[in-house]
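Colleague: I should be grateful for a close look at a single part of this model, followed by an account of how the rest of the chain is arranged. Please begin with the contact that you consider a suitable starting point.

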Amino acid sequence: MMKRVLAMLIALIMMFSLVACNKNDAPATDANKTEGEKTTEATDGEAKDGEAKDGEATEASDFHIGVVTGTVSQSEDEQRGCEAMIKKYGDAKEGGLIVHKNYPDNFSAEQETTIQQIVSLADDPKLKVIVVNQGVPGTAAAFKQVKERRPDIYCFVSNSQEDPNLIESAADLVIDPDNVTRGYLIPLAAQKMGAKKFVHVSFPRHMSIELLSLRKDIMEATCDKIGMEFAMETAPDPTSDIGIPGAQNFILEQMPAWVQKYGKDTAFFATNDAHTEPMLLKISELGALFVEQDLPSPILGYPGALGLDLKDAAGDFPKIVEKEEEVLSKKNPGRMGTWTYSYGFSTTQALIELGKRMVESGKDMMNTDDVAAVLSDMTPGAAWKATVYKDRTSMEERKNHLLVLQDTYVFGKGFLKMTDEEVPDIYKMLEDYQSKK
């Protein structure tokens, strides 16, 4: 019995000795760590798992922002805008901020897939914001399902393709290009650039779209108000049997005749992207005027018209503008313009940033001043203006639906400061003009 007790006491003494030794051991150095221990720690200047490098996000995010865009083949600018923000704030799969999904290319025929992609983001318990750009059909239905499950999630959409009443009822914030105000500002900018006449080029299908037709009417009324001649020319619909090549060839053939007919001090505007590149090509050669595209971007029409290879500048809009500036400041200075950042790229970034700031501050920033400020922050050097959408029938303001526009940049001249212009009551101006006709 005594032997057994003695053995137990010896065992206890040995255990206490081992614990004491372990407590007094010096911290392990890199030299005596195992390879497994070494690889779990980041060396100086390296980012740990879930951290971004080069001054980007440095901690695993406490919340996530879901972003849904088209693919590069359908919506390159929106995709690139999201990629830029992932680079800045990190991918949620690696401890960062952003979860990115694509809606299908054939979104019209695959609406249920689009809805599913958006709604699935709500499965993430850390998700606080959803951004959809462009707001293809199905976005409103998806937002309603998200809100039923997670009313705490902010739902933002840009460039909605659904009825305003429908998307406004589902989204916390809707942002669209301000084509109403641009109907006034584009002719005004043309006059600042030296235009005496303004030619609107379109086709019946586009003119049957209410907003495009309204913008044309506003342009015509504006020209009358500021004393500039307005004219319309019809070009083939690229979706018709003639196709895009035929429609573009028509513009190439007609531009010399139109410039001769109206004169070089004429600003031309096309409602269709396919018409834009050949129009820009001929305007740069013939010396006429061009304010900005239907949905302005320095990568819409200009690279092809000027024969520029911009592969090394993809997503770098200041660099793209610089390359175009080198050509146009010599070829047709002060007579051709655009926005320095594309709408799709800018609004994707801005809505992500807005959501981040709202979650972190707990403040409601869904107003014209804050949205314009965030857009400006995302596009250094470019000014923005935001206004509240007003329903044309009821004349009611929709507080959660904002219209935005960027200042016009003219190659060889600089910004025109169109965002500083005092805009009149456009609908009243239009009404007064139509009553005179």
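Modeller: In this predicted model, a polar atom of the R150 side chain lies 2.8 Å from the backbone oxygen of L127. R150 itself sits in the loop between α5 (139-149) and β4 (154-160). Its relative accessibility is 14%, so R150 counts as buried, the cut-off being under 20%. Leaving aside residues up to four places away in sequence, R150 touches A122, D124, P125 and L127. L127 therefore appears both as the residue whose backbone oxygen faces the R150 side chain and among the residues that R150 touches.

The setting is a protein chain with 16 helices and 13 strands. Of its 437 residues, 50% count as buried. Among contacts between residues at least 6 apart in sequence, 70% join residues at least 24 apart. The accessible surface of the chain comes to about 21000 Å², and carbon and sulfur atoms account for 51% of that surface.

Two helices may be described in turn. Helix α7 comprises the 14 residues 179-192, which at 1.5 Å a residue should span 20 Å; the end C-alpha atoms are 19 Å apart, in agreement with that expectation. The helix nevertheless bends by about 25° at L185, and the proline P187 follows within four residues. Twelve of the 14 residues are buried, so α7 is largely enclosed by the rest of the structure. The buried residues include R182, Y184, L185 and P187, and thus the residue at the bend and the proline that follows are both among them. The cover over these buried residues includes the strands β5 (173-177), β6, β8 and β11 (397-406), together with the helices α9 (210-226) and α16 (426-436). Just after α7, G194 takes a positive phi of about 110°.

Helix α10 comprises the 20 residues 243-262. The expected span is 28 Å at 1.5 Å a residue, and the end C-alpha atoms are 27 Å apart, which agrees. A kink of about 40° lies at Q254, shortly before the proline P256. The buried residues of α10 are G243, G246, A247, I251, M255, W258, V259 and Y262. They pack against β6 (197-202), β7 (229-234), β8 (266-270) and α11 (273-286). Strands β6 and β8 also belong to the cover of α7. After α10 comes G263, with a positive phi near 100°.

The aromatic residues complete the picture. A search of the whole structure finds eleven aromatic pairs. One of them joins F250 and W258, with 6.2 Å from centre to centre and 70° between the planes, an edge-to-face arrangement. F250 is partly exposed, at a relative accessible area of 22%, whereas W258 is buried, at 4%. In a further pair, F317 and Y341, the ring centres are 6.0 Å apart and the planes stand at 40°, so the pair is tilted. This pair links distant parts of the chain: F317 lies in helix α13 (residues 317-331) and Y341 in the loop between β9 (337-338) and α14 (343-361), 24 residues apart. Both F317 and Y341 are buried. Finally, Y302, Y409, F411 and F415 form one aromatic cluster.

Notes:
Residues are numbered from 1 along each chain as its sequence is written. This is a predicted model: local features need pLDDT of at least 70, side-chain atom pairs count only at pLDDT 80 or more; totals for chains, interfaces and linings use all residues. Side-chain values use heavy atoms; hydrogens and water are left out. Rings of Phe, Tyr and Trp (its six-membered ring) pair if their centres lie within 6.5 Å; planes under 30 degrees apart count as stacked, over 60 as edge-to-face and the rest as tilted. Buried means under 20% relative accessible area, exposed over 50%, partly exposed in between (1.4 Å probe, protein chains only). A polar contact is a pair of N or O atoms within 3.5 Å; within protein, one must be able to donate a hydrogen and the other to accept it, and residues adjacent in sequence count only if both atoms are side-chain atoms. Contact means heavy atoms within 4.5 Å. The expected span of a helix is 1.5 Å times one less than its number of residues. The bend at a residue is the angle between axes fitted to the seven residues ending there and the seven starting there. Accessible areas come from the Shrake-Rupley method with a 1.4 Å probe; for residues, only the protein chains shown count as cover.
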